[in-house]
Amino acid sequence: MNGGARSTRLLVVGVFVLSLMVTLGARLFTVQVVGADGYRAASNTNREREIVTPAVRGLVLDDRGRPLLSNRTALVVSISRTTLLNSKDEGRALVQRLATALRLPFATVWGRTQLCGTKGAPKPPVCFNGAPYQPVPVAQDVDPRIALQIMERSEDFPGVTAELQAVRTIPEPLGVNAAHLLGYLGPVTDDELKASSAAAREGRAELQRTDRVGRAGLEKQYDAALRGTPGVTDVGVDIRGRLTGELNSTDPVAGNYVVTSIDAKVQAATEKALAKGIKEARTRNASGGGGKLKADSGAAVVMDVRTGQIVAMASWPTYDPKIWLGGITDKELAGLTDEKAGTPMVSRATQGLFPPASTFKVVSLPAAVQSGYDLHGSYQCSSSYQVGERAFHNYESEAYGTIDLHKAIVVSCDTIFYKFAYETWLRLGGSDNHSDAKDPFVAMAKAFGLGKDTGIDLPDDVSGRIPDRAWKQAYWDQTKKYYCTKAKTGFPEVAKDDPSRAAFLTQLAKENCADGNVFRGGDAANFAIGQGDVTVSPLQMVRVYGAIANGGTLWTPHVGKAIVTPAGKLVQRIAPKKAGTVPIRADVLRFLHSALRGVVTSGTASGAFAGFPVPVSGKTGTGEVYGKQATSWFSSYAPSNSPQYAVSVVVSQGGTGATTSGPIVRDIYSAIFGVRGSKLVPGAAALPGGRPPAGLPTIRPDGTIVTPEGPVASAEGLPDPRAKATR
């Protein structure tokens with residue numbers, strides 16, 4: 001072979017090798033540079049993943065250790081998504097067999113296997129809110145016989161498991177309802193997950209997609225303490241999301257317990273007294289021939305005046321709190337927010353706003369004294385008092401002649417307080433005064449904490465309204481356009497059914513359009529007796545009377561008492577928090593104590609408390625609301641000589657305070673102190689000695705809680721609260 005031929009062959013081989021190297025280089029460039037992101041994403045799907053096992057949620061206890069919120073065991077059937085993904089039909093046949101065995105519709109079980117947010121998936125809580133590579137719970141509280149049949153036919157139900165898991169329950173000790181106090185749980189949202197991830201970078205606990213978080217009440221307020229620390233299992237996952245093996249795992253740590261100041265016996269008695277009082281009110285006629293009283297809603301609050309701790313809190317109408325367990329239907333949710341049904345979901349104790357009426361006079365009297373009126377002087381209690389061109393009347397136009405301020409409180413004379421407020425308004429400049437700086441009535445109301453939220457450790461604490469000059473201006477700025485339009489058009493939609501009301505509303509619109517920002521003499525008069533635009537919540541009023549009872553200390557009300565571990569170790573004491581001191585002279589406080597005792601012994605509440613063996617001090621209130629029946633109030637504290645509790649009750653459209661709210665308060669005190677008829681029966685007292693327990697409940701190391709009714713396991717079927725859970 002000659003040299004030329006050999007050179008040609010070498011050239012061909014060289015070109016071939018070079019082309020291979022160029023091709024290899026181009027391929028490497030494509031893989032490493034052009035397609036890097038895609039291959040990186042693909043590789044990420046073939047690596048470790050975490051399966052999160054939620055911790056057993058902590059319990060909520062009353063002040064004696066009775067569980068208000070607890071857990072129980074439930075037999076839960078789950079299905080592996082890996083098995084579904086490996087099936088040719090995405091697992092439809094398997095799910096159909098499982099649905100038949102569980103006696104559930106296919107659509108229900110299939111919907112529960114779908115990941116929330118994916119195409120075709122139903123809305124939460126039906127869809128699965130967990131990770132795509134962990135077992136999906138499709139049925140809870142399964143009959144053990146059905147679960148056993150499924151497990152015995154494993155060849156027909158591959159990837160299906162049945163095991164005991166911890167789920168939330170509501171024990172209702174002694175018949176307690178407490179729906180608004182307890183709250184409920186709901187699935188975590190994407191926004192919460194994002195916010196939680198940011199918080200985790202600051203060292204705080206991170207939410208997981210499988211978590212159920214508190215949405216209302218104590219479940220929401222103390223969610224972080226109750227939730228615990230989830231367990232984490234690291235698993236290998238392939239590109240399709242199928243498990244390839246378990247690498248390592250850590251067990252979950254149960255959530256802590258929240259001990260509250262709520263006493264189950266007092267709570268049950270308060271709920272019962274409120275429901276009974278509203279039922280009885282509906283049998284009575286409204287004043288003025290308005291038919292039977294509607295008594296459409298109400299609330300009652302019991303507070304320890306020495307600490308601000310809430311002992312009981314009831315709202316009516318209420319609902320069964322168990323409705324939230326296992327998921328609520330659209331129909332059930334609509335019923336909770338239905339106005340015709342009284343919107344049972346609203347807590348009237350913390351969210352309800354009502355005119356305080358004459359219960360507000362404990363605020364106005366010290367304000368009047370600060371304005372210069374003689375605490376021991378005598379004043380004319382006429383049937384009406386002229387404010388500008390309008391006569392303001394006593395309730396039912398009663399007249400008592402010349403009386404002192406003690407009797408003015410006892411018989412609830414309005415006209416004396418009209419006089420104080422109107423004359424003070426004139427001295428401050430009347431309609432020309434645009435500042436609240438020197439108004440003693442406004443200042444005293446705000447000193448009692450009115451017009452702002454109380455700071456209680458519950459969500460949805462409303463602030464109420466103290467309609468001072470600043471509020472009038474701000475409200476007018478917002479509503480002027482509306483009122484000026486209505487001043488021209490009137491209210492034809494109202495006129496067709498109620499011409500007189502339409503005429504009233506039209507006149508009101510004209511006045512508000514012209515000078516609705518002006519704080520008039522009539523505004524000042526109404527303010528002094530808790531009428532007009534003044535609104536408060538029952539929680540705010542029980543706080544006012546608590547401050548009077550304890551000598552002027554305004555406490556921040558609270559429900560939480562302590563956070564403890566499931567083994568009973570103290571994590572945090574929730575100490576009482578002083579919010580301020582009400583600026584009332586000592587002699588004025590003594591005067592109020594005497595007058596409020598007189599209301600019960602010889603005044604407007606004497607009938608409701610006739611023969612009652614525990615000395616009670618308080619004030620009735622009958623609020624007038626245009627177009628509605630009167631709002632009934634009674635705010636109080638007891639024992640009068642050494643106050644321990646304040647109790648405030650309101651019933652919307654319930655008539656007078658003396659006939660409706662007074663008897664409700666009497667029933668509550670009867671339960672607290674053990675009153676039977678006109679006698680004290682110490683053994684019948686809900687709180688031994690009439691005082692709340694000083695210490696915390698006893699929780700044994702094994703999780704057993706010692707209650708007055710006997711030991712209680714931490715949860716039904718879960719004697720060890722630190723046990724591993726899967727839900």
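Y626 lies in the loop between β21 (617-623) and β22 (631-638), and we'll come back to that residue in the first exercise. The model you're looking at is predicted, so local features need pLDDT of at least 70, side-chain atom pairs count only at pLDDT 80 or more, and totals for chains, interfaces and linings use all residues. Residues are numbered from 1 along each chain as its sequence is written, and side-chain values use heavy atoms, with hydrogens and water left out.

Helices (H or I, at least four residues) and strands (E, at least two) are DSSP runs, numbered from the N terminus.

**Exercise 1. Work out how Y626 sits at the surface, and which residues join it in a nonpolar patch.**

Step 1. Start with the cut-offs: buried means under 20% relative accessible area, exposed over 50%, and partly exposed in between (1.4 Å probe, protein chains only).

Step 2. Y626 has 45% relative accessibility, so it counts as partly exposed.

Step 3. Now the patch rule: members have over 30% relative accessible area and no salt bridge, with like charges joined within 9 Å and nonpolar side chains (Val, Leu, Ile, Met, Phe, Trp, Tyr) within 5 Å. Areas come from the Shrake-Rupley method with a 1.4 Å probe, and for residues only the protein chains shown count as cover.

Step 4. The patch is made of F504, L508 and Y626, which together have about 270 Å² of accessible area.

**Exercise 2. Find the strands that pair with β3, and name a facing residue pair for each.**

Step 1. Two strands pair if DSSP finds at least two bridges between them.

Step 2. Take β2 (residues 60-61): it is antiparallel to β3, with two bridges. V60 has L69 as its bridge partner in β3. Five residues separate β2 and β3 in a hairpin, and G65 in the turn has a positive phi of about 95 degrees.

Step 3. Next comes β5 (residues 160-169), also antiparallel to β3, this time over 10 bridges. Here S70 is opposite T169.

Step 4. Then there's β4 (residues 136-139), joined to β3 by three bridges in the antiparallel sense. V77 faces A139 in this pair.

Step 5. Finally, look at the cover on β3 (residues 67-79): 11 of its 13 residues are buried.

**Exercise 3. Put β26, β27 and β28 in order, and explain which strands are at the edges.**

Step 1. The three strands make an open, antiparallel sheet in the order β26-β27-β28.

Step 2. β26 (698-699) and β28 (710-712) are the edge strands: each has a single partner, so one side of each has no neighbour in the sheet.

Step 3. Zoom in on β27 (residues 705-707), which pairs with β28 over three bridges. T707 is opposite G710 there.

**Exercise 4. Look at the salt bridges and decide how covered their residues are.**

Step 1. A salt bridge is a side-chain nitrogen of Lys or Arg within 4 Å of a carboxyl oxygen of Asp or Glu. By this rule there are 22 salt bridges.

Step 2. One of them joins E192 and R215, at 2.5 Å from N to O. The two come from distant parts of the chain, 23 residues apart: E192 is in helix α8 (residues 190-200), and R215 is in the loop between β7 (212-214) and α9 (217-221).

Step 3. E192 is partly exposed at 25% relative accessibility, and R215 is partly exposed too, at 24%.

Step 4. Another joins R469 and D439, whose closest N and O atoms are 2.8 Å apart. R469 belongs to helix α17 (residues 469-489), while D439 lies in the loop between α15 (415-427) and α16 (440-447), 30 residues apart. Both residues are buried.

Step 5. For a network, look at R57, R168, E219, D223 and R227, which salt bridges link together.

**Exercise 5. Is T535 buried or exposed, and what does it touch?**

Step 1. T535 is in the loop between α20 (521-528) and α21 (538-550).

Step 2. T535 counts as buried because its relative accessibility is 11%.

Step 3. Contact means heavy atoms within 4.5 Å. Leaving aside neighbours within four places in sequence, T535 is in contact with L353, F354, P356, G464, R465 and Q540.
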